Amino acid sequence: MDLRKILNIFTVLVAATIVTIISLWIGQQAYSWLPPQAAAESELIDDLISFLVTLGAFIFLGVTGTLMYSIIFHRAQRWDLSDGPHIEGNVTLEVVWTAIPIMLVLWIAAYSYQVYEEMGIQGPMELVHLHNSVSMESADAAPQEEGEPVENIDVVAKQWAWVFHYPERNVTSTELHLPSDRRVRLALKSEDVLHGFYIPAFRLKQDIVPNHTIDFEFTPIREGQYRLTDSQYSGTYFATMQANVVVESPEDYHQWLSYAATQKPTPAPNQAASEYAQAASQPVKNGWARVAPATSPLVNYPG
């Protein structure tokens, strides 16, 4: 092997090392692009996103770096209009650059499916009562003692409102309150169409299928106020179908439950119902029918 080949191999190794280091650094930066991790399960999604960003950065830098190197150091001389060298196909090279993308895609698919399974997400085609259990817990979450009770909350989605019922104290609210560092089990139900339970800070998204109850478990780990949205288009006013999610200490959570239990149920404000009533009262009709929002729920705590 002559000196030129050795130099070329050394150059490729150095370039690959530099690209790998930069890609790993970019992958680590991906964690700062996302909201704070507010649930134990969010670590799974953040690790997956960091992995995908690292892999994407490596491919992007590798391909663009090769192109730039070729353009700068192997370009034809000015006024050189001659044909390039005739090169026959290289079977080994073609097998390699076909096999590598296939293995990468399979790797990404296997990793993504593993995360999907660990988070216990159920697809919209599930037609049985399901119980999900997420096996992963972040190091930031309090350890779950065997036999320790799980906080059970009923979640009802309807056009266009979220309603939360706490069986422990028979409290109903349009604001979701959760104890920090405690396991939570939601019984998700839909009264009409397909809805999507989605809390970006928790990295949790679960489709809610009409006429079926889906149990969904997770562990909030960061106190604060977050936002729940409907990830599925559920009709005209689906953008108004949002709710506050309050994660607080177990003491503050039970104190809130006790306070809410003393309040008399009253109709909760409903933005969709207000907008529908305003549109219905306009003298000029727009020509298409609107689905009337569900009746405002009676709640102990409207939020």
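Helix axes are lines fitted to C-alpha atoms, over the stretch in contact, and the angles between them run from 0 to 180 degrees between N-to-C directions. With that in hand, the helix pair at the start of this predicted model can be described. The axes of helix α1, residues 3–29, and helix α2, residues 42–73, come within 8 Å and cross at roughly 145°. The crossing of α1 and α2 is right-handed. By class, the contact between the two helices has 9 nonpolar residues, 7 polar residues and no charged ones.

The residues that meet at this contact can be followed along each helix. On the α1 side they are A16, V19, T20, I22, S23, L24, I26, G27 and Q28. Facing them from α2 are S50, V53, T54, A57, F58, L61 and G62. Two of these α2 residues, S50 and T54, are worth a closer look in the structure above.

S50 has its place in helix α2. With a relative accessible area of 6%, S50 counts as buried, because the cut-off for that class is under 20%. Leaving aside neighbours within four places in sequence, S50 is in contact with G27, Q28, A30 and Y31. For the last of these partners a C-alpha distance is also available: S50 and Y31 are 19 residues apart along the chain, and their C-alpha atoms are separated by 6.6 Å.

T54 is likewise placed in helix α2. Its relative accessible area is 16%, so T54 falls under the 20% cut-off and is buried. When neighbours within four places in sequence are set aside, T54 is in contact with S23, L24 and G27. G27 thus appears among the partners of S50 and among those of T54.

Turning to the chain as a whole, the model has 5 helices and 13 strands. Of its 303 residues, 35% count as buried. Among contacts between residues at least 6 apart in sequence, 73% join residues at least 24 apart. The chain exposes about 18300 Å², and carbon and sulfur atoms supply 61% of that area.

The largest nonpolar core has 42 residues. Those with the most contacts inside this core are I153, W162, F164, Y166, L178, F197 and F202. F197 gives a good view of the surroundings: not counting residues up to four places away in sequence, F197 touches V155, W162, L176, L186, L188 and L204, together with K205, Q206, I208, L228, T229 and S231. One of these partners, W162, is itself listed among the core residues with the most contacts.

Technical notes. Residues are numbered from 1 along each chain as its sequence is written. This is a predicted model: local features need pLDDT of at least 70, side-chain atom pairs count only at pLDDT 80 or more; totals for chains, interfaces and linings use all residues. Side-chain values use heavy atoms; hydrogens and water are left out. A nonpolar core is a set of buried Ala, Val, Leu, Ile, Met, Phe, Trp, Tyr and Cys residues joined through side-chain atoms within 4.5 Å. Buried means under 20% relative accessible area, exposed over 50%, partly exposed in between (1.4 Å probe, protein chains only). Contact means heavy atoms within 4.5 Å. Helices (H or I, at least four residues) and strands (E, at least two) are DSSP runs, numbered from the N terminus. A crossing is left-handed if the near helix is turned anticlockwise from the far one by less than a right angle, and right-handed if clockwise. Ala, Val, Leu, Ile, Met, Phe, Trp, Tyr, Cys and Pro count as nonpolar, Asp, Glu, Lys and Arg as charged, and the others, Gly among them, as polar. Accessible areas come from the Shrake-Rupley method with a 1.4 Å probe; for residues, only the protein chains shown count as cover.
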